[in-house]
Structure formats: C-alpha cells, structure tokens
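Subject: Structure for you to look at

Hello,

Here is the structure I said I would pass on. Please open it first, then read the notes below.

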Amino acid sequence: MPCYQQRGELPAKRHTAFRRPDGGLYAEHLMGTLGFDGPASLLYHIHRPTQILSSRLLDHNQIVEAADESVRMRHFRTAELKEVSSATLDRTPLLFNRDVVVSIVRPQKTDEFFFRNGQADQIHYISQGSGVLESEFGLLHYREGDYVVVPRGILHRFCLEATPHTMLIFETPSYIRFPSRYLTREGQLMEHAPFCERDVRAPEELKCNDQRGEFRVVVKQRDHLTETTLDHHPCDVVGWDGCYYPWALSIHDFEPITGSLHQPPPVHQTLQADQFVLCSFTPRMLDYHPDAVPAPYNHSNVMSDEVIYYANDQFISRSGAGFGSLTLHPAGLPHGPQPGKAEASIGGKRTEELAVMIDTFHPLKVAESAEALEDPTYGQSWIDP
Ligand SMILES: [Fe+2]
C-alpha cells in the first residue's frame, strides 16, 4: 500500500513525551486498520481527539432495494441526476451488496461539517470537478480523473473548487489496496505494474488549526449517521508519520497494457478489495495482430457482476451509453459487444475510451433510488435491428 510518509513536527522516538509550547503534552493518536496488523500512522494533536461534547443520531441511512429483482442488463443515466448540496449526506445509492455500496453525488458546495466513515474504506472517482480534500493529515489537491481513496476512520471534508462536481463512490467494509500481483514481497510496485509510487499522491501540506469552539463531525457506523460535536477543530495535528493516510491516483496516470490480441480485463486492474476488483479503461492502442478483433468477445461472468461507469462517451463495445452511464451486467447472463461493434472494431488503431469498472464476486442489488435513472430499453439493445 502507499509507502511511509511524514509531515510536520515529530518527536525523535514514538510514544515519548512530546510537548506543546505551553508545556502540555501533544495527544498521540494511532490510526490504522486490521487491528494492529494493518497499515497505521501516528498523529500528534494539540487537543485530544476524544473531546466530544455530544452525539445524536442523524439518519438511519438505510438503502432500499428496488422492487424488480429480476436478473437483467441494467443501464442508469447518472448524468441526469440533479445537483445537491452535500457530498456526504446527499449521495444517491445505485447498487449494493454486503461487500460494496456504489453511489453517486453531484454536490454544489463544501460541507460545513467533517465526515468520518467508521465502517468502510471509500474510493471517490472524481468524474467532474476539482478541489482539496481536507483531513487530519493535511490538504490533498484533487482533480478530474482522480481516484481519491480515504481509508476508514479518517476524518475529512471535500472542499469544492471547480464545478460541476460529480463523484462516483465505492464504499467497502474490506480495505482498499493495490493488487498483490503488482507488488514485490516487500510491498513495492513492480516494473510491470501500470502505475508506480510516483503517481500516488499523499496530502501535500499539513494545515494545523488550533481553534476552540463547536465543530461538527458526522460519523458513519452501523449503517447509521451520527452527528458528534467536538470542542475544538479536529484538524489540529502538528505532525504525523506512517503508512495510513488518504491518497489520490489519477486514472490518467494508469499506463495501459496492450497486446497483439485482445487483453482480458485483469490488465486494467487498478485496485483490490476483498470481494471486488476495480479496473480502469484508458485511452490506448488497439490490438495490432492483422486479423485481431479489438472489441471484447462475448463472455459469461461466471462469478461476478460487472459494473461499468462511462467517464466519457467513447466506449468501444457499447452503443447507447454515454458520459455518466452506469451499466450492470449481472452474473448468470452472458454479455458482449452490441450488434456491429465487433465488426466495426476491426482495423481500429486506437480507442479514447475512459471508464471505471468494478467486478464484484457476489451479486449486487439495485437500489430503489437508481430506478428513476434507468434506461428501460437497454436489455434489448443486443437484438439485431
Ligand atoms: Fe465484461
């Protein structure tokens, strides 16, 4: 996973007395995942992060499944979603199972509160917009095409700059990491990986806020949202070090792997969770064997549901899907190129497609809130005209 970083002031030895200018102790704070076995960081706060004035349940935050549970090809036009206020509270869930929730949001303004997801790691694909992720670890600038990964437990807020702003969000109770086949035994990304550590961006600037007052933090846990109020600004860290922090990787820094014949989806893999993989389809040369059919062959997802988000409108094997489309091809049904797409792909030299895919190992349910975005004709789009 992301490698060791340090920012700000630190004591020479961990777990030793580290004092503020007024003589009091900085509050040392270990934050990590997988108990004490996963990546972790040590942070030094001016105030104790435990100084919580009050807590109240804000929302039960339950996702309701759509009434039609039939297994079929689905297409949701997410570009039709209206803009909303909050990047945190106004997300529209689209698909879900116990391993992952896929939602989308088009926020218009920066939240006045902070957010901590205590039950899930989050990948935010920034489909439109740019801004700064503010967290206890400092400021991380993000832009269109970034995957902004916020491991669970990290308090944060998206400070919006360019609008419109669209984020596709994957939340998972497992933890997000690089595929193990890209890593050396010591954890470094290998030469054949489609990106390297230089492409992974950690928070650049540590901004320490020594402010007293009431600061709201919305915490997600047990699928509920709770509002807690602290008696100080939560981003009051003077220094941190470790391997646990929010980070960003641009889809445009994913260097595609191509071949003379069709390369299967694992060459596009970018990230890994326990029960799904995330792949990036980026502009690339097409297959260069003289008789190659660059469009993918029909295939049966024997064990996985396939979800594709179209980040532009250039996808080689699909018609009818455009920017913002999200398709679900469920396990149990074969899928493949639509009529004419295989033939049309022959002789092609390049594709400009940009898409994000997840393959889940367990079936997904469709959320009721996705139904209003559905294209009801999609399931028949493989029929010859
Ligand atoms: Fe597929």
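Two residues count as in contact if their C-beta atoms, placed from the backbone, lie within 7 Å. This is a predicted model, in which local features need pLDDT of at least 70 and side-chain atom pairs count only at pLDDT 80 or more, while totals for chains, interfaces and linings use all residues. Residues are numbered from 1 along each chain as its sequence is written.

The two domains

The domain assignment splits the chain into domain 1 (5–69 + 80–250) and domain 2 (256–380); such bounds come from an automatic or database assignment. Taken over C-alpha atoms, the domain centres are 29 Å apart. Across the boundary, 28 residues of domain 1 are in contact with 29 residues of domain 2. On the domain 1 side, the elements that give two or more residues are strand 6 (92–96), strand 9 (121–128) and strand 14 (166–172). Strand 6 gives the most, with five residues. Strands here are DSSP runs of E with at least two residues, helices are runs of H or I with at least four, and both are numbered from the N terminus.

The sheet

Strands 6, 9 and 14 also belong to an open sheet of seven strands, in the order 18-12-9-14-7-6-28, with antiparallel pairing. Two strands pair if DSSP finds at least two bridges between them. Strand 18 (247–250) and strand 28 (365–366) are the edges, as each pairs on one side only. Seven bridges join strand 9 to strand 14, and isoleucine 123 stands opposite phenylalanine 170 of strand 14.

One loop residue

Alanine 162 sits in the loop between strand 13 (156–160) and strand 14. Is alanine 162 buried or exposed? It counts as exposed, because it has 11 C-beta neighbours inside 10 Å. The cut-offs, with C-beta atoms placed from the backbone, are 20 or more other C-beta atoms within 10 Å for buried, 12 or fewer for exposed, and partly exposed in between. Leaving out residues up to four places away in sequence, alanine 162 touches Gly129 and Ser130.

The whole chain

The chain has one helix and 28 strands. Its radius of gyration is 22 Å, close to the 21 Å that the globule rule gives for 385 residues, so the chain is as compact as a globular protein of that length. That radius is taken over C-alpha atoms, and the rule is 2.2 Å times the number of residues to the power 0.38. Buried residues make up 38% of the 385 residues.

Regards
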